[in-house]
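Colleague: Hi! I'm new to this one and would love a quick tour. Can we go through it together?

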Amino acid sequence: MAEVVIEVNNLAKYFPVTRGLFRQKKIADVKAVNGVSFTIHKGETLGLVGESGCGKTTLGKCILQLIRPTSGEVIFESQDLCELSDKELVPIRAKLQVIFQDPYDSLDPRYTALDIIGEPLRIHEISKGKEYQERVAEPMNLVGLAPYMAERYPHEFSGGQRQRLGVARALALQPEFIMCDEPLSALDVSIQAQVLNLLDDLQQKFGVAYLFISHDLSVVRHISDRVIVMYLGKVMEISNRDELYKNPLHPYTQALLSAVPIPDPAVEMNREVIVLKGEVPSPMNPPSGCVFHPRCYRAFADCPKVVPLLADAGGGHQVACLLYETSRP
Amino acid sequence: MAPLLEVRNIKTYFQTQDGIVKAVDGVSYDVNRGETIALVGESGCGKTVSALSILRLVAEPAGKILAGEIIFDGVDLLKLSDEDMHKMRGARISIIFQEPQTYINPVLTIGRQISEGLEFHKNMSPREGMQEAARLLKLVGIPHPERRIYDYPHQFSGGMRQRAMIAIAIACQPQLIIADEPTTVVDVTIQAQLLELIRNITKEFNTSLILITHNLGIVARYAKRVFVMYAGNIIEYGSAMDVYHFPCHPYTAGLLASVPRLDEPRKVRLQSIEGQPPDLIAPPRGCAFQDRCAYSIPQCLNEKPPLQEIGPNHYTACWVSQKGTRPWQK
Amino acid sequence: MTAQANIRVATRPHHTLWGDAWVRLRRNKLAMAGGIFIILLALAAIFAPLLTPYTFAKQNYNAILQGPSWTHPMGTDQLGRDTFARLLYGARTSLAVGIFTQFIVICIGLPIGSIAGYAGGKVDNYLMRFVDVMYAFPDILLVILLRSVLGGSIFNIFLAIGLVAWVNIARLVRGQILSLKSRDFIAASRAMGGMGRHITWRHLLPNSLGPVIVSITFNVPRAIFTEAALSYIGIGVQPPTPSWGTMIQDGFGLIFAKPYMLLFPAIALALLMLAFTFLGEGLRDALDPKMRR
């Protein structure tokens, strides 16, 4: 197994909800991320799936310390990033990069493509003059943008091209890890394939690790090596990619997979759709016991009472569900 | 039996700073009673504009429906007076938009918004309207409807707002519902709920549905016939089975190949379509897809291919296909 | 990326952000008229000695209160001074006030607004409460107070007006920065190691420029009018330095006998303020932040 790049231990992020005119009193916590642990290895893609409100974006931002976690550890190069100040993080940030979801919002509209890709180089004061030009030209080339586009502004590019620009910017410092926060959601279907292939190629070439956050299960299956399924701030299931899609254990995973329509009318005609009842509850007031039990079609008496822990189901497959816990300490 | 809706050769153009954008450039399709069809395409292909054209909701003076006919239940909508058209909207044809926030008035309660249409089209009193609103909210699966009619839109979650929008759309029992990307902004499990709800409603009331989307999976699950749009034109249409299993246009084939499928073994590399859609201000002379097409022949550059029948009720606008070959079929 | 698709992007005319804005501004006839008027007036004020043989102070007791004539195109005032000359030199005062007060406004308002917006929390709270207090005072009264304290030289007048007018800009900048802070490209900059100073100077301020420019353009006529008002009540620039406000005050007493004495400076003031207002509105439309397609 390749070496571990990032180790996340018991990460939690609570957002306080306050009320009051002068002295704000805390009345509740929005438990966006509620105790998550996993590891990411060198050169691998860890897919993170879940629906809105599950905390996946918050988790991604916590790992990069763009949001400071409430508790837990994020270990990178033997250091806990949560303990480091913003200033101390600067050299480390060169190795941990991001690709954002919105290709319109993630680029400064006043910067040319050259400026955008070069910004990380300028912040870290790497190279001037000719070397700078070369180091900016290379990522542009790698993502398939022509050199004359360097002087253009973001509004002159299409959505797919802007996203490529974001990828180029993330590559400029040759990072070890890139957090991809729903990078394809805002793109058209045929452009998604382009960017997905690009991300794949770059990983093969540079051995960069990805945390690929998405709500699109088909896309996650394509690019990930391992997959985590999150719901309401907690991990429901972790597994190798093929295992998860062939043999989903958690009822939530099963419902998710069933809800994804397959682009083939013949297949769809014969499929049963598991329709979950109700909606995702508010993270301010998560259900007791297993957070999924109110919507679970296989819930039984113990589910509201006991919080299931992530248990090993064999072969690297872990699931947090009372259906699979044979013994409890 | 005659189709409920026949869109014939519609042209909708927009005047912009840089020139005239030919958003919809000669599009025809039809919907039978009780049938669900899908308009598929990516952003900018004109599917939304063509739907707005049906309801004459195109933003004037910049946008104009220049040519064509829209025959709904025997009447040409484009020739109706504004007043008569107003009576159509919401009553006989209604529309569900992509983002509930932009379409629902934030300062009116949900009950009032549903009731508005009922008061106008069905001459109900406000009290009757609110009662009916509660009944409709129950129909679309919103719990405690008798209380919820007094709530404001911001007190509903995203999925609930979309359900409320569906309630508004079905309030006057329309014959046709246009659903423009109704589930793009919601999660996959909510999407399943909403689409199943729409399916049940259309089945129960025999309502026709035009489903506009870029999601090929939804189309496969819910639509009987499919119309594929590209750069303001329909480039292929037929039954869902035919179009998905025997695509007769390289764009359709390319789209299908670029979507990863959960039920197939994982492909090592997705097939993508290189390049981007053309500029609608100066569309190319020949086939609009030609510069991205791996199978084009010289004729494609010079002449725009018309829609021709390639199989029983299966039409395509592609020279290569019309010559009898389908090199993209594996 | 196919070569052909590349060429398509290349042959579209290259739009820079300022270029786009300029094209939009040019199309707005009122704004252009306003801008041209201001430029012409500024040139006239600068080259005043070339345009009139009289100075603003030269008194001529033989030519008191004359109507417009060939020798005095706009007549003379009660001390025989040529009105046209006083108008031109007075324009210098008005334009100077308009422009220099804005320097002060930027020097105070921009930093306060940026710090409040970026720092947030307690700093934001305290600064904004201070701004609110300043805002609560009636502008003119505060200016009069400051003017009385500081004295009557023209620089002190700039100071008095500027020290009151920065409040709007501070709020505006703070608002801009607050809304920009949550944008993804700011997060991206932080993610690559950008710290407060870099983000503020390189991202936040440049993107706030548009509304700030518009606001300043609207502030100018307000400042000019404030100065005229001060001069009208006698505590503006001291004679013999001409000010349109003083001229209006002088003309007011003779409004029925010699209406032209009041009319010329009043119309000039109105036109200048209109010009800046049209320009400001034109700039606001041209610099609309939704510049992306």
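Colleague: How many residues does each chain give to the contact of chain B with chain A?

Modeller: Chain B gives 37 residues and chain A gives 35. Two residues are in contact if their C-beta atoms, placed from the backbone, lie within 7 Å. Bear in mind that this is a predicted model, where local features need pLDDT of at least 70, side-chain atom pairs count only at pLDDT 80 or more, and totals for chains, interfaces and linings use all residues. Residues are numbered from 1 along each chain as its sequence is written, while chains are lettered from A and ligands numbered from 1 in the order in which they are written.

Colleague: Thanks! Which elements give two or more residues to chain B's side?

Modeller: They are α8 (188–205), α9 (216–222), α10 (240–245) and α11 (250–258) of chain B. The largest share, seven residues, comes from α8(B). Helices here are DSSP runs of H or I with at least four residues, strands are runs of E with at least two, and both are numbered from the N terminus.

Colleague: And what kinds of residues are on that side of chain B?

Modeller: That side of chain B has 16 nonpolar, 13 polar and eight charged residues. Ala, Val, Leu, Ile, Met, Phe, Trp, Tyr, Cys and Pro count as nonpolar, Asp, Glu, Lys and Arg as charged, and the others, Gly among them, as polar.

Colleague: Staying with chain B, what domains is it divided into?

Modeller: Domain 1 covers 5–223 and domain 2 covers 230–322, with bounds that come from an automatic or database domain assignment. The C-alpha centres of these two domains of chain B lie 28 Å apart. Where they touch, 20 residues of domain 1 of chain B meet 15 residues of domain 2 of chain B.

Colleague: Which element gives the largest share on the domain 1 side?

Modeller: That's β2(B), with ten residues. On this side of domain 1 of chain B, eleven residues are nonpolar, five polar and four charged.

Colleague: What about strand β9 of chain B, why is it described as largely enclosed?

Modeller: Six of the six residues of β9 (residues 225–230) of chain B are buried, so the strand is largely enclosed by the rest of the structure. A residue is buried if 20 or more other C-beta atoms lie within 10 Å of its own, exposed if 12 or fewer, and partly exposed in between, with C-beta atoms placed from the backbone. R225(B), F227(B) and M229(B) point one way from β9(B), and V226(B), V228(B) and Y230(B) point the other way.

Colleague: Which strands does β9(B) pair with?

Modeller: Strand β3 (residues 36–40) of chain B pairs with β9(B) in the parallel sense over four bridges, and I37(B) has R225(B) as its bridge partner. Strand β10 (residues 233–239) of chain B runs antiparallel to β9(B), joined by six bridges. There M229(B) stands opposite I234(B). For two strands to count as paired, DSSP has to find at least two bridges between them.

Colleague: What sits between β9(B) and β10(B)?

Modeller: The two strands form a hairpin with two residues between them, and A231(B) in the turn has a positive phi of about 50 degrees.

Colleague: Over to chain A. What is the strand order in its open sheet of four strands?

Modeller: The order is β2-β1-β4-β5, with antiparallel pairing. β2 (25–41) and β5 (79–80) of chain A stand at the edges with a single partner strand each, so one side of each has no neighbour in the sheet. Two bridges join β4 (residues 71–76) of chain A to β5(A), and I75(A) stands opposite D80(A).

Colleague: Last stop, chain C. How many helices and strands does it have?

Modeller: Chain C has twelve helices and zero strands. Of its 293 residues, 39% count as buried. The C-alpha atoms of chain C fill a box of roughly 80 × 55 × 30 Å, taken along the principal axes.

Colleague: How do α3 and α5 of chain C cross?

Modeller: The axes of α3 (residues 29–46) and α5 (residues 83–119) of chain C come within 8 Å and cross at roughly 120 degrees. Axes are lines fitted to C-alpha atoms, for helices over the stretch in contact, and angles run from 0 to 180 degrees between N-to-C directions. L41(C), A42(C), A44(C) and A45(C) of α3(C) meet L88(C), A91(C), R92(C) and L95(C) of α5(C). Seven residues of this contact are nonpolar, none is polar and one is charged.
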